[in-house]
Amino acid sequence: MEVKKHKADLDTQNPRKRQHKGTAIEELPDDIIVAILSRMNIKDAVRTSVLSTRWKYLWKFMSVTLEFHDKDIATRKKLEAFVNRVLELYNRVDSLVIRFSNTRKKTESTAIDKWIYSAMLNQVKIFELDLSADCGFHCSYEFPSFIKLVTQFHREKYRPILHKLRCIRSSLRYLSGFRSLRSIRLVDVDIQDEMVHYFLDSCPYIEQLCIRASDATKDLRVVDPLPNLKELKISDCCNLQSLVISATNLKKLEISDCCNLQSLVISATNLVSCTYQGREIKLPFKKTPNELTLGGVFCKSFIYEPNKHSTYSDQLVKLVLNLQTENVQRESIERTISPPDFHQLRALKQLELNIVSKVDRSLLFFTSLIEASPHLHEFKLKIDYLVSRPWCFDFAIKSMIPFPEVTPEEAKRFDHKNLKIVRMAGYCGCASEENFLVHLLENSPSVGTVFIDTDCDYYSDHWNNFVVMYRLRQDGKYPMIKPGRETKLKDNEVPARSDSRKFIEKFKSDHYPMGDKLFTQFDARRHAGKLRSRFTSPIVFFIT
């Protein structure tokens, strides 16, 4: 790396002046000093600028990782000024991450363009631009076109031949600013197909490509040679209609919520993990990945129409099924109990179900999947419970549950000899959970360990405003506010089912008010402890 020499550098070349310095580090070349500074945190490295004139600017040549978030700064103008100032200070930026959610005004596109140009000038290895707003507002920012980038990046150098570049696909080689790129993640950024192809064609070291919520992406081809591409994520691109993937070294693939996708071609011989969530479409695997995650209508097709997926389902080692709330009345797939000839998942070792349900709704339907997996070693069930708001009736929730009820009499008996570990997350202690675990453990004598996670709370972040969710706590997510301990329910808020004072006090302790409706405060750990006491066999329970 070439660094401009300052006057102090010439002083160190004078033997007499170097003797007066009296420090061996002063005799080191600038490159080595910069390498030493790069192992320090930024704050301490900047402090070295006061040591001498020579050290004043050396910290600018450190390789740094910069991350900006507008939630940390009060106003948009202050954030823009801060980001611009920091980017001007550093000459070497390895990673640039910008999460900027206040993007309701079109005038902000100029500032965002500058940040992209800075990423090019610094030849960053990791670049992330996240413009997603918490309210779901789409900012409609468009990633700069190839011509715009060439004009800005090379200025006058290639301006005379721009008319030729418009017609020549190979002209992408002129734009070398992102050549060192390893990972790019664009969220809520409209990027044209030609720019996606540019990143794939002209970034030989690219390992990860993630595009989320791009309205301008319509027809993508991810085709070799891509020697280093390991991970590809395409999600929430509502205008994407065609996707062709032919990448030999691709390990992880995710395609989710692309509602208008019509054509999908997958040729990835080394694919290990694949996620598909969306409409029913043919998954043309030339080689079935070991791990498969399914969601949306396609997930329901896998469960209720198993024969359509028999060509690859018996090769899966790990399967994750996400059964989320949808308007089931509009679906063409009939929700029935899996037939007796449910296709055997003979290679399956791990099964994970992420479902939404209603408190006390039977979960025995899912035992048919466990029975169909004779070599299953580990099973996990994660439940998000839907609770109606004060102005919504419970019957509205019933139509949102994506699986049918199965009574204990209808549930099949089986003898599973390989299941060792059972995990249940989102446990609230209702009767349906107990019935499910008892039925599973009685039919799986090989189970040795059961994990039960009860750390849950009420959240109001469901897409349907008529319901709230009782689910696991998550970092960065705030639960609905409960009243303080000193807040108590009034006697007239307790159902007039008993005149007993003991009943009234118990009801107050088990519920808390939210609006004009009472939400149950579950004592899940106590119920899990009672469940554990029912089993005298050497099953180890871990309750958190």
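Me: Buried means under 20% relative accessible area. Why is Phe 143 called buried in this model?

Reply: The model is a predicted one. In it, Phe 143 has a relative accessible area of 2%. That is under 20%, so Phe 143 counts as buried.

Me: How many aromatic pairs are there, by the rule for rings?

Reply: The count comes to 14 aromatic pairs. Phe 143 and Phe 199 form one that is edge-to-face. The pair links distant parts of the chain, with Phe 143 in the loop between E3 and helix H7 (146-154) and Phe 199 in helix H9 (residues 193-202), 56 residues apart.

Me: What makes the pair of Phe 143 and Phe 199 edge-to-face?

Reply: Ring centres must lie within 6.5 Å to pair, and planes over 60 degrees apart count as edge-to-face. Here the rings are 5.8 Å centre to centre, with 75° between the planes. The distance and the angle meet these cut-offs, so the pair is called edge-to-face. Phe 199 is at 1% relative accessibility and counts as buried.

Me: What makes Tyr 304 and Phe 365 a tilted pair?

Reply: Their rings are 5.9 Å centre to centre, with 35° between the planes. Planes under 30 degrees apart count as stacked and over 60 as edge-to-face, so 35° falls among the rest, called tilted.

Me: Are Tyr 304 and Phe 365 buried or exposed?

Reply: Tyr 304 has a relative accessible area of 9%, and Phe 365 has 1%. These values are under 20%, so Tyr 304 and Phe 365 are buried.

Me: How do you know that Arg 185 and Glu 128 meet in a salt bridge?

Reply: The side chains come to 2.8 Å, N to O. The limit is 4 Å, so the pair counts as a salt bridge. Arg 185 lies in strand E4 (residues 183-187) and Glu 128 in strand E3 (residues 126-130), 57 residues apart. The two residues also belong to a network of salt bridges with Glu 67, Arg 99 and Asp 130.

Me: Why is Arg 185 called partly exposed?

Reply: Arg 185 is at 27% relative accessibility. Buried means under 20% and exposed over 50%, so 27% falls in between. Its partner Glu 128, with 10%, is buried.

Me: Why is Lys 308 called exposed?

Reply: Its relative accessible area is 51%. That is over 50%, so Lys 308 counts as exposed. The side chain of Lys 308 meets that of Glu 305 in a salt bridge (3.2 Å, N to O), and Glu 305 is partly exposed at 23%.

Me: How do you know that strands E16 (residues 421-425) and E17 are joined?

Reply: Two strands pair if there are at least two bridges between them. E16 and E17 have 5 bridges and run parallel, so they count as a pair. One of the bridge partnerships is Ala 425 with Asp 453 in E17. Strand E17 (residues 449-453) has a covered face, Val 450 and Ile 452. With helix H14 (residues 431-442), E16 and E17 make a right-handed β-α-β unit.

Me: What pairs with E17 over 4 bridges?

Reply: Strand E22 (residues 540-543) does, in the parallel sense. With 4 bridges the requirement of at least two is met, so E17 and E22 count as paired. Phe 451 stands opposite Phe 542 in E22.

Notes
Residues are numbered from 1 along each chain as its sequence is written. This is a predicted model: local features need pLDDT of at least 70, side-chain atom pairs count only at pLDDT 80 or more; totals for chains, interfaces and linings use all residues. Side-chain values use heavy atoms; hydrogens and water are left out. Buried means under 20% relative accessible area, exposed over 50%, partly exposed in between (1.4 Å probe, protein chains only). A crossover is right-handed if, with the strands pointing away from the viewer, the path from the first strand over the helix to the second runs clockwise. Rings of Phe, Tyr and Trp (its six-membered ring) pair if their centres lie within 6.5 Å; planes under 30 degrees apart count as stacked, over 60 as edge-to-face and the rest as tilted.
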